[in-house]
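Okay, thanks for coming, everyone. I'll put the structure up, and then we can walk through how the pieces fit together.

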Amino acid sequence: MISENLLSHLNDQVNFEFYSSYTYLAMAGYAESVDLSGFANFFRVQAKEELFHAMKLYDYIFQKNGTVTLEQINKPTGNYDSIIDVFQKGYEHEQLVTRKIYELADIAHDEKEHATMSLLKWFIDEQVEEENNFHSLLKKVRRSEGNPAAIYMLDEELASRVYTPPTTA
């Protein structure tokens, strides 16, 4: 069984992952509102990934004989200045997720909770990919600023993204 402290932080992360999904749906809504359905698809897929992350933690809590406590999900920001702003905020959000995962890993390490450390290793590796994806796309949309053709090419590229649940989860 895990400590109350670690359980509380894991529950916080479950709720934050649900919030993250909600955040990416808001970003998808913005993209749709400016006729960038490929970008919207990217964020819808991102929202599904965050739901997967939430449920991975959710299931783990029960595997460790804990109880999941779901909280109210805060309203995400829905106002953006541009698609660049959306990706900047998405990148910053992923950096926040990374900090929160690191905090959880530090707690698990301090408590010598090896099973949780193993689980969080997966999340740490995932965050390297998440931050890299957002940073790469942020650079692309910045380079495309003022070039509608480039934005629409990127929109077409992002339209092809599909959600595939991890097989090593």
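**Helix packing, cores and charges**

So, α4 and α5 cross in a left-handed way; that label is used if the near helix is turned anticlockwise from the far one by less than a right angle, and clockwise would be right-handed. When I say helix, I mean a DSSP run of H or I with at least four residues, and strands would be E runs of at least two, all numbered from the N terminus.

Quick housekeeping before I go on. This is a predicted model, where local features need pLDDT of at least 70 and side-chain atom pairs count only at pLDDT 80 or more, while totals for chains, interfaces and linings use all residues. Residues are numbered from 1 along each chain as its sequence is written, and side-chain values use heavy atoms, with hydrogens and water left out.

Back to that pair. The α4 and α5 axes come within 9 Å and cross at roughly 150°, with axes being lines fitted to C-alpha atoms, for helices over the stretch in contact, and angles running from 0 to 180 degrees between N-to-C directions. That makes α4 roughly antiparallel to α5; the bins are under 35 degrees for roughly parallel, over 145 for roughly antiparallel, 65 to 115 for roughly perpendicular, and oblique for the rest. On the α4 side the contact is made by Leu137, Lys140 and Val141, and on the α5 side by Ile151, Leu154, Glu157 and Leu158. Contact here is heavy atoms within 4.5 Å.

What about α2 and α5, at what angle do they pack? About 40°, with the axes 7 Å apart. So α2 and α5 are oblique to each other, and α2 passes α5 in a left-handed crossing. From α2 you get Ser37, Gly38, Phe39, Asn41 and Phe42, and they meet Ile151, Leu154, Asp155, Leu158 and Ala159 of α5.

Now the inside. A nonpolar core is a set of buried Ala, Val, Leu, Ile, Met, Phe, Trp, Tyr and Cys residues joined through side-chain atoms within 4.5 Å. Buried means under 20% relative accessible area, exposed is over 50%, and partly exposed is in between, with a 1.4 Å probe and protein chains only. The largest core has 25 residues, and Phe39, Phe43, Ile83 and Phe87 touch the most other members. Each of α1 (4-33), α2, α3, α4 and α5 supplies at least two residues of this core, and α1 gives the most, with 6 residues. If you want one residue to click on, try Phe43: leaving aside neighbours within four places in sequence, Phe43 is in contact with Tyr24, Met27, Ala28, Val86, Phe87 and Phe134. There's another core lying apart from that one, with 22 residues, including Leu10, Val14, Leu57 and Ile61.

Val45 is also worth a look. Val45 sits in helix α2 and is buried, at 4% relative accessible area. Not counting residues up to four places away in sequence, Val45 touches Arg161, Val162 and Tyr163.

And Arg161 takes us to the charges. How many salt bridges are there? The count comes to 5, taking a salt bridge as a side-chain nitrogen of Lys or Arg within 4 Å of a carboxyl oxygen of Asp or Glu. Arg161 pairs with Glu49, with the closest N and O atoms 3.0 Å apart. Arg161 is in the segment after α5 (148-159) and Glu49 is in helix α2 (residues 37-63), so this salt bridge ties together parts that are 112 residues apart in sequence. Glu49 is buried, at 14%.

Next, Glu113 and Lys64, at 3.3 Å between the closest N and O atoms. Glu113 is in the loop between α3 (83-110) and α4 (114-143) and Lys64 in the loop between α2 and α3, so here the parts tied together are 49 residues apart in sequence. Both Glu113 and Lys64 are buried.

Then there's Lys121 with Asp125, at 2.8 Å. Both lie in helix α4, 4 residues apart, about one turn of the helix. Lys121 is partly exposed at 47%, and Asp125 is partly exposed at 41%.

Last thing, backbone oddities. Most residues other than glycine have a negative phi. Asp35 has a positive phi, near 60°; Asp35 is in the loop between α1 and α2 and is exposed, at 61%. Lys112 also has a positive phi, of about 55°, and is found in the loop between α3 and α4. Lys112 counts as exposed, at 61% relative accessibility.
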